[in-house]
Amino acid sequence: MNIRIGNGYDIHRLVEGRPLILGGVEISHTVGLLGHSDADVLTHAIMDAMLGALSLGDIGHYFPPTDPKWAGANSLMLLEQVNQLVRSRGWQIGNVDSVIVAERPKLKPHIKDMQNKLAQTLSIDRDRIGIKATTNEQLGPVGREEGIAAYSVVLLVAEEG
Ligand SMILES: Nc1ccn([C@@H]2O[C@H](COP(=O)(O)O)[C@@H](O)[C@H]2O)c(=O)n1
Ligand SMILES: C[C@@]1(CO)OP(=O)(O)OP(=O)(O)OC[C@H]1O
């Protein structure tokens, strides 16, 4: 079987007056993530892992943060485009596994919603998308609630035929 693996990482600052969007799900919180796009760190990490698996560069190459076109962009729309690129090259997702590092809020109640949104966008079953959450044990910028980070690993499998 022809397989490829990629990994991705992203971090964004937490500020007042912004929504907190993770895996395409808006989560009620006192602060949200700052970015040119919707700053969805989980979706960004997954996209970078998919691109990395095929040595296709990173999301900044396809959606430059300097381009007004991507201002306020819904990251699930970007993920759809990355998925199309991957599929057009003859690959499909085997599975995704991710970790969100956030001191607050409690993310466990939102994980299933994130899996559903991502699975729908990627046109795969929800059980192919692992998402975990952990605090940073009050250490460093994430521990001080200055930001939220996400890590992702993606396995791609060559399509049959
Ligand atoms: N933002 C978060 C962080 C953690 N969780 C859940 O709590 C468990 C314990 O986290 P520790 O960082 O203290 O090890 C973790 O396994 C998650 O289930 C969460 O829901 N949201
Ligand atoms: C998707 C983009 C588009 O501007 O989102 P940003 O919110 O700028 O987030 P970042 O992870 O810093 O860079 C990726 C960008 O390509």
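Which residues does the UniProt annotation "binding site" cover? In the unreviewed UniProt entry, this annotation covers Asp 10, His 12 and His 44. Although these positions are spread over 35 residues of sequence, they cluster in space, with a largest C-alpha distance of 10.4 Å. The structure described here is a predicted model.

**The annotated site**

Asp 10 belongs to strand β1, which comprises residues 3–15. Because 25 C-beta neighbours lie inside 10 Å, and 20 are enough for the class, Asp 10 counts as buried. Apart from neighbours within four places in sequence, Asp 10 is in contact with Val 41, His 44, Ala 45, Asp 48, Ala 149 and Ala 150.

His 44 is placed in helix α1, residues 41–53. This histidine is also buried, and its contacts beyond four places in sequence are Asp 10, Ile 59 and Ser 75. Two of the annotated residues, Asp 10 and His 44, are thus in contact with each other.

**Residues around the site**

Val 41, a contact of Asp 10, lies in helix α1. Leaving aside residues within four places in sequence, Val 41 is in contact with Asp 10, Ile 11, His 12, Leu 22, Leu 33, Ile 148, Ala 149 and Ala 150. Two of the annotated residues, Asp 10 and His 12, appear among these contacts. The C-alpha atoms of Val 41 and Met 77 are 36 residues apart along the chain and separated by 14 Å.

Ile 59, a contact of His 44, is found in helix α2. Not counting residues up to four places away, Ile 59 touches His 44, Met 47, Asp 48, Leu 51 and Leu 78. Ile 59 and Ile 27, 32 residues apart in sequence, are 24 Å apart from C-alpha to C-alpha.

Pro 19 lies in the loop between β1 and β2, the latter being residues 20–22. Beyond four places in sequence, Pro 19 touches Glu 26 and Gly 32. Pro 19 and Gly 32 are 13 residues apart in sequence, and their C-alpha atoms are 4.5 Å apart.

The table lists the burial of these residues.

| Residue | Other C-beta atoms within 10 Å | Class |
|---|---|---|
| Asp 10 | 25 within 10 Å | buried |
| His 44 | 27 within 10 Å | buried |
| Val 41 | 28 within 10 Å | buried |
| Ile 59 | 25 within 10 Å | buried |
| Pro 19 | 14 within 10 Å | partly exposed |

**Helices α3 and α4**

Helix α3 runs over residues 75–88, and its 14 residues should span 20 Å at 1.5 Å a residue; the end C-alpha atoms are 20 Å apart, which agrees. The buried residues of α3 are Ser 75, Leu 78, Leu 79, Val 82, Asn 83 and Val 86. Seen down the axis of α3, these buried residues fall within an arc of 145°, so they line one face of the helix. The face turned away from this buried side carries the exposed residues Gln 84 and Ser 88. The cover over the buried residues of α3 includes α1, α2 (59–62), β5 (91–101), α4 (111–122) and β7 (147–158). Ser 75 also links α3 to the annotated site, through its contact with His 44. Just after α3, Gly 90 adopts a positive phi of about 90°.

The twelve residues of α4 should span 16 Å at 1.5 Å a residue, and this agrees with the 16 Å between its end C-alpha atoms. Buried residues in α4 are Met 114, Gln 115, Lys 117, Leu 118, Thr 121 and Leu 122. They cover an arc of only 165° around the axis, which puts them on the same side of α4. Among the elements that cover them are β2, β3 (25–27), α1, α3, β5 and β6 (129–134). Ser 123, just after α4, has a positive phi of about 55°.

**Ligand surroundings**

Ligand 1 is surrounded by Ala 102, Lys 106, Leu 107, Lys 108, Ala 133, Thr 134 and Thr 135. By class, this shell holds three nonpolar, two polar and two charged residues. Around ligand 2 there are 13 residues, of which Gly 35, His 36, Ser 37, Phe 63 and Pro 65 come nearest. The shell of ligand 2 has seven nonpolar, five polar and one charged residues.

Methods. Residues are numbered from 1 along each chain as its sequence is written. Chains are lettered from A and ligands numbered from 1 in the order in which they are written. This is a predicted model: local features need pLDDT of at least 70, side-chain atom pairs count only at pLDDT 80 or more; totals for chains, interfaces and linings use all residues. A residue is near a molecule or strand if its C-beta atom, placed from the backbone, lies within 6 Å of it. Ala, Val, Leu, Ile, Met, Phe, Trp, Tyr, Cys and Pro count as nonpolar, Asp, Glu, Lys and Arg as charged, and the others, Gly among them, as polar. UniProt positions are given in the numbering used here, feature names are shortened, and annotations may be inferred rather than shown by experiment. Helices (H or I, at least four residues) and strands (E, at least two) are DSSP runs, numbered from the N terminus. A residue is buried if 20 or more other C-beta atoms lie within 10 Å of its own, exposed if 12 or fewer, and partly exposed in between; C-beta atoms are placed from the backbone. Two residues are in contact if their C-beta atoms, placed from the backbone, lie within 7 Å. The expected span of a helix is 1.5 Å times one less than its number of residues. The arc is that of the directions from the helix axis to the C-beta atoms.
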